[in-house]
Amino acid sequence: MENIFTAEDYNQIKNKGISIEKIEKQLHFYRNGIPKINLHEAATTDNGILQLSPNEKAALIDLFDAKKETFEIEKFVPASGAASRMFKFLTEFLQDFDSENETINAYLNRTGNKNLEMFLVGLKSFPFYSDLVALTKQNNPSFPNLSMDKKLYLIVATLIDKNQLNFAEKPKGILPFHHKGNKILTPVDEHLTETKFYASPNKKAKVHFTVSKEFQQHFEELASNYTNVEVTYSYQKDETDTLGLNLDLSPFRLDNNELFFRPGGHGALIENLNALKSDIIFIKNIDNVAQNNDDEIITNKKILGGLLIQIQDQIFKFLEKIENQKVSSSDLEEIIAFAKNQLMIHLPEDFNKYKKDFKVDFLKEKLNRPIRICGMVKNEGEPGGGPFWVKNEKGNISLQIVESSQIDLENNKQVNIFKSSTHFNPVDIVCGTKNYKGEKFNLPDFVDENTGFIVEKTKNGKPVLAYELPGLWNGAMANWNTIFVEVPLITFNPVKTVNDLLKPAHQPKSE
């Protein structure tokens with residue numbers, strides 16, 4: 001590697017556990033750019049997304065319930081990120097509002113901050129309202145005598161202030177989301193309660209949260225109330241951090257002259273997922289919880305789990321035949337049909353010209369991979385990724401989850417394909433990460449490293465280029481076998497802003 005690093009730099013890189021090869025690859029991406037993804041067409045319900053009939057759903061639920069005790073099942077929940085975006089409009093209000101000389105109505109007219117208006121109208125419906133007001137009064141003895149504008153300002157300040165509730169700096173998982181009876185519940189509570197759908201009488205259900213060290217104790221305190229669940233934690237690994245560069249592509253250095261590394265994004269969590277030993281792993285975002293519609297949400301979890309068991313069982317039978325060299329001509333035709341129609345694998349155009357042994361070897365390599373069943377909801381205008389057929393640099397076409405940041409927005413054809421998408425990725429995924437011999441796949445082997453991206457951030461007031469690793473359910477799982485299944489919108493209840501807690505899925509049912 002060229003001489004842009006000092007001996008101290010090499011020691012710093014080594015101490016973080018990062019290989020020189022990884023640094024060289026990051027530098028290559030910075031200098032040469034990362035090709036945008038090549039969309040072939042949108043995946044739809046008649047082209048890549050399964051629509052299951054009521055009878056098929058019922059059979060998969062029965063299969064999951066009958067087989068679940070024979071598997072180690074675990075839920076994987078990324079939960080380390082702070083809730084800063086959730087409260088962004090409140091933080092902006094505190095920074096921009098002149099509490100001495102301006103009314104809130106004047107501020108709303110000046111800024112058009114509809115989110116703030118909705119927040120204030122719905123204030124009493126938030127699960128944290130009573131505690132928030134009590135703390136505000138406690139910290140401000142003159143509170144009862146203040147104008148309504150001053151009261152509302154102080155309430156928002158108490159919610160956001162780092163020396164008070166500090167909600168914007170805390171992870172979403174430990175914040176009050178729901179009010180059930182006389183209990184206030186967090187996403188951690190809801191995730192641990194949801195484990196009932198895969199719990200077995202003879203063993204504890206398993207849940208794994210990725211957290212920041214600073215807040216692990218808060219998670220542990222919440223989890224201590226659930227004695228029937230085994231909860232484990234992990235952190236994003238130092239060796240998944242990526243090197244920051246200046247705009248001139250020289251290393252960005254901190255005030256002490258050390259190299260600047262930053263977390264590589266949620267794609268780094270493929271290493272955390274790889275450390276889990278369970279047979280079946282459900283993945284769900286920390287904020288996708290609801291206090292209503294439990295039965296329907298659990299029903300759809302069982303459907304996805306049942307489909308994984310069914311598909312994986314068939315894959316294993318085929319691979320065992322191949323291993324034992326017992327593949328007849330009719331078996332081969334059956335495997336080909338399964339690969340095309342069930343696993344949605346595009347075979348090479350000249351596949352029929354291959355010799356039998358070559359066909360078998362090709363199919364074995366395609367079948368013997370981790371598998372993910374991904375729920376997809378109809379697109380209702382939510383931002384984020386969706387299901388597409390993607391063509392890679394070798395011309396191979398496969399099903400992928402694609403984010404807008406991966407699209408060449410200057411290519412009208414690509415933009416039109418992206419806009420034609422009918423479905424959205426709610427991160428409702430169930431994974432099989434062991435092979436037909438019961439051995440764990442090494443998940444980093446299946447990452448498409450060419451699907452990361454470069455972003456411009458700031459550090460200490462200066463611009464810095466940052467490399468984001470391939471996203472966990474995007475490029476990090478690009479070479480898995482992938483099946484998309486339509487699931488109802490009612491299963492998708494994310495809390496992207498605090499106002500989402502005012503939606504029916506998060507409010508107590510009216511009697």
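Me: At what angle do helix H12 and helix H14 pack, and how far apart are their axes?

Reply: This is a predicted model. In it, H12 and H14 (residues 356-367) pack at an angle of about 140°, with axes 10 Å apart.

Me: How do I put a word to that angle, and which word fits H12 and H14?

Reply: Check the angle against the bands. Over 145 degrees counts as roughly antiparallel, and 65 to 115 as roughly perpendicular. At about 140°, H12 is therefore oblique to H14.

Me: Is the crossing of H12 and H14 left-handed or right-handed?

Reply: Left-handed.

Me: Which residues make the contact between H12 and H14?

Reply: H12 supplies Ile 315, Phe 318, Leu 319, Ile 322 and Glu 323. From H14 come Val 360, Lys 364 and Leu 367. Next, sort them by class. This contact has 6 nonpolar residues, no polar ones and 2 charged.

Me: Let me try another pair. What are the angle and the axis distance for H4 and H8?

Reply: H4 covers residues 88-96, and H8 covers residues 148-160. Their packing angle is about 120°, and their axes are 10 Å apart. H4 and H8 are therefore oblique to each other. H4 passes H8 in a left-handed crossing.

Me: Which residues of H4 and H8 make the contact, and how do they divide?

Reply: On H4, look at Leu 90, Thr 91, Phe 93 and Leu 94. On H8, look at Tyr 153, Val 156, Ala 157, Leu 159 and Ile 160. The division is 8 nonpolar, 1 polar and no charged.

Me: Now the interior. How many residues are in the largest nonpolar core, and which have the most contacts inside it?

Reply: The largest core has 63 residues. Those with the most contacts inside it are Leu 192, Phe 209, Phe 219, Leu 343 and Ile 373. Helix H12 (residues 294-323) gives the largest share, 11 residues. A second, separate core has 37 residues, among them Ala 83, Tyr 153, Ile 155 and Val 156.

Me: What does Phe 209 touch beyond four places in sequence?

Reply: Its partners include Leu 192 and Phe 219. Val 77, Ala 79, Val 188, Val 231 and Ile 286 are also among them. So are His 191, Thr 232, Tyr 233 and Ser 234.

Me: How do I tell whether a residue is buried or exposed? Take Thr 136.

Reply: Read the relative accessible area. Under 20% counts as buried. Thr 136 is at 0%, so Thr 136 is buried. Thr 136 sits in helix H7 (residues 129-139). Leaving aside neighbours within four places, Thr 136 contacts Phe 143, Leu 154, Ile 155 and Thr 158.

Me: Why does Arg 262 count as buried?

Reply: Because its relative accessibility is 16%. Arg 262 belongs to strand E9 (residues 261-262). Setting aside neighbours within four places in sequence, Arg 262 is in contact with Asp 241, Thr 242, Lys 457, Ala 466 and Glu 468.

Me: One last residue. Where is Val 229, and is it buried or exposed?

Reply: Val 229 is in strand E7 (residues 229-234). Val 229 has a relative accessible area of 6%, so Val 229 is buried.

Me: What separates the C-alpha atoms of Val 229 and Ala 205?

Reply: Compare chain separation with distance in space. Val 229 and Ala 205 are 24 residues apart along the chain, yet their C-alpha atoms are separated by 4.8 Å. Apart from neighbours within four places in sequence, Val 229 contacts Ala 205 along with Leu 192, Thr 195, Lys 204 and Val 207.

Conventions:
Residues numbered from 1 in each chain as written. Predicted model: local features only at pLDDT ≥ 70, side-chain atom pairs only at ≥ 80, totals over all residues. Heavy atoms only, no water. Axes fitted to C-alpha atoms, helices over the stretch in contact; angles between N-to-C directions. Helix = DSSP H or I, 4+ residues; strand = E, 2+ residues; numbered from the N terminus. Parallel < 35°, antiparallel > 145°, perpendicular 65-115°, else oblique. Left-handed = near helix turned anticlockwise from the far one by under 90°. Contact = heavy atoms within 4.5 Å. Nonpolar A, V, L, I, M, F, W, Y, C, P; charged D, E, K, R; others polar. Core = buried A, V, L, I, M, F, W, Y, C linked by side-chain atoms within 4.5 Å. Buried < 20%, exposed > 50% of the residue type's maximum accessible area, 1.4 Å probe, protein only.
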